[in-house]
Amino acid sequence: GEYRVAIVDLSSNATGLKAPDGSVTHLEPNVATEVPEGTWVVLPMKIKASGQDATDLRMAFAIEMEPKKVKEVRPKVATATATESGSLAALLRNHEDLELKEKHLKAREEKERQKQLEKEKEREKERERLREMQKEWELEREEEKEKENVKQRKSDSEGGNRGNREKKDRQRDRRDRGRDDRDDRRDD
């Protein structure tokens with residue numbers, strides 16, 4: 001049968017594979033990934049800022065295999081030539097640029113999320129202000145009703161006739177219904 005090489009990333013700084021077309025992919029940690037012929041293994045992918053050039057801190061290698069029996073397979077470890085190292089450095093710089101762009105995008109998304117939260121807080125403050133205004137208005141309305149009731153009782157106690165009182169009650173009820181209708185329209 002045909003033999004294949006696989007790699008498992010057990011590192012904490014990530015490992016990548018550079019395909020012959022120049023694209024680099026990060027290996028998923030703790031998962032065996034096949035290394036196709038002509039692919040370079042690049043490590044580490046994550047480098048802390050130290051003032052040194054990232055290409056000086058990274059290593060790349062490839063494994064070439066001859067199609068022979070298992071006993072005779074001897075991997076050859078290759079080192080990058082100056083040209084390959086330069087293209088690798090450019091590739092790694094592109095990767096770092098992508099990481100930087102991703103950070104900026106996340107920061108922008110967080111800023112937008114914060115703006116949305118602030119807008120929602122402002123809307124909630126406005127709703128609370130309107131609720132307070134409505135409570136004040138309802139209190140004023142209750143005070144007016146109480147004043148009218150006091151006047152009515154006073155008028156009743158002064159000997160007003162029953163028919164007059166019933167007429168005033170009907171007028172007051174119509175007026176209150178009119179206010180309730182206006183309130184309902186205003187709330188809508």
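## E128 and its salt bridge

E128 counts as partly exposed, because its relative accessibility is 35%. In this predicted model, the E128 side chain forms a salt bridge with R131. The closest N and O atoms of that pair are 2.9 Å apart. Both residues belong to helix 2, which covers residues 82-157. They are 3 residues apart there, so about one helical turn separates R131 from E128.

R131 is also partly exposed, because its relative accessibility comes to 36%. Neither extreme applies to R131, since buried means under 20% and exposed means over 50%.

## A second partner for R131, and the network

Which other side chain meets R131 in a salt bridge at 2.9 Å, N to O? The partner is E124. E124 has a relative accessibility of 35%, so E124 counts as partly exposed.

Another salt bridge links the side chains of R153 and E146, at 3.5 Å from N to O. R153 is partly exposed, at 48% relative accessibility. E146 is partly exposed as well, with a relative accessible area of 41%. Salt bridges with shared partners also build one network, made up of E120, R123, E124, R127, E128 and R131. How many salt bridges does the structure hold? The count is 12.

## Positive patch on the surface

Positive charge also gathers in a patch on the surface. The patch consists of K167, R170, R174 and R177. Where does R174 lie? R174 sits in helix 3, which spans residues 162-187.

Why can these patch residues not be salt-bridge partners? Residues with a salt bridge are left out of patches by definition, so K167, R170, R174 and R177 have none. The same definition asks for over 30% relative accessible area, so each of the four passes that cut-off.

## Overall build

The protein chain has 3 helices and 7 strands. Read from the N terminus, its elements run β-β-β-β-β-α-β-β-α-α. Five strands thus come before the opening helix in that order. Two strands follow that helix, and two helices close the series.

How much of the chain is buried? Of the 188 residues, 16% count as buried.

## Strand pairing

Strand 5 (residues 40-43) pairs with strand 2 (residues 16-18). The sense is antiparallel, and the pairing runs over 3 bridges. Within this pair, G16 stands opposite V42 of strand 5.

Strand 5 has another partner in strand 6 (residues 59-64). This pairing is antiparallel too, over 4 bridges. Which residue of strand 6 stands opposite V41? The residue is F61. Strand 5 therefore pairs with strand 2 and with strand 6, as at least two bridges are found in each case.

## Backbone features in the loops

The peptide bond between L43 and P44 is cis. Its omega is about -15°. P44 is found in the loop between strand 5 and helix 1 (54-57).

Two residues have a positive phi although they are not glycines: A14 and N30. For A14, phi is about 70°. A14 lies in the loop between strand 1 (6-8) and strand 2. Is A14 buried or exposed? A14 is buried, because its relative accessible area is 12%.

N30 has a phi of about 60°. Its loop lies between strand 3 (24-26) and strand 4 (32-34). N30 counts as exposed, because its relative accessibility is 58%.

## A contact between two loops

L10 lies in the loop between strand 1 and strand 2, the loop that also holds A14. With a relative accessibility of 69%, L10 counts as exposed. L10 and N30 are 20 residues apart in sequence. In space, their C-alpha atoms are 5.8 Å apart.

Note on methods: Residues numbered from 1 in each chain as written. Predicted model: local features only at pLDDT ≥ 70, side-chain atom pairs only at ≥ 80, totals over all residues. Heavy atoms only, no water. Patch = residues over 30% accessible without salt bridge, like charges linked within 9 Å, V, L, I, M, F, W, Y side chains within 5 Å. Areas by Shrake-Rupley, 256 points an atom, 1.4 Å probe, with all protein chains shown as cover. Lys, Arg positive; Asp, Glu negative; His and termini not counted. Charge placed at Lys NZ, Arg CZ, Asp CG, Glu CD. Buried < 20%, exposed > 50% of the residue type's maximum accessible area, 1.4 Å probe, protein only.
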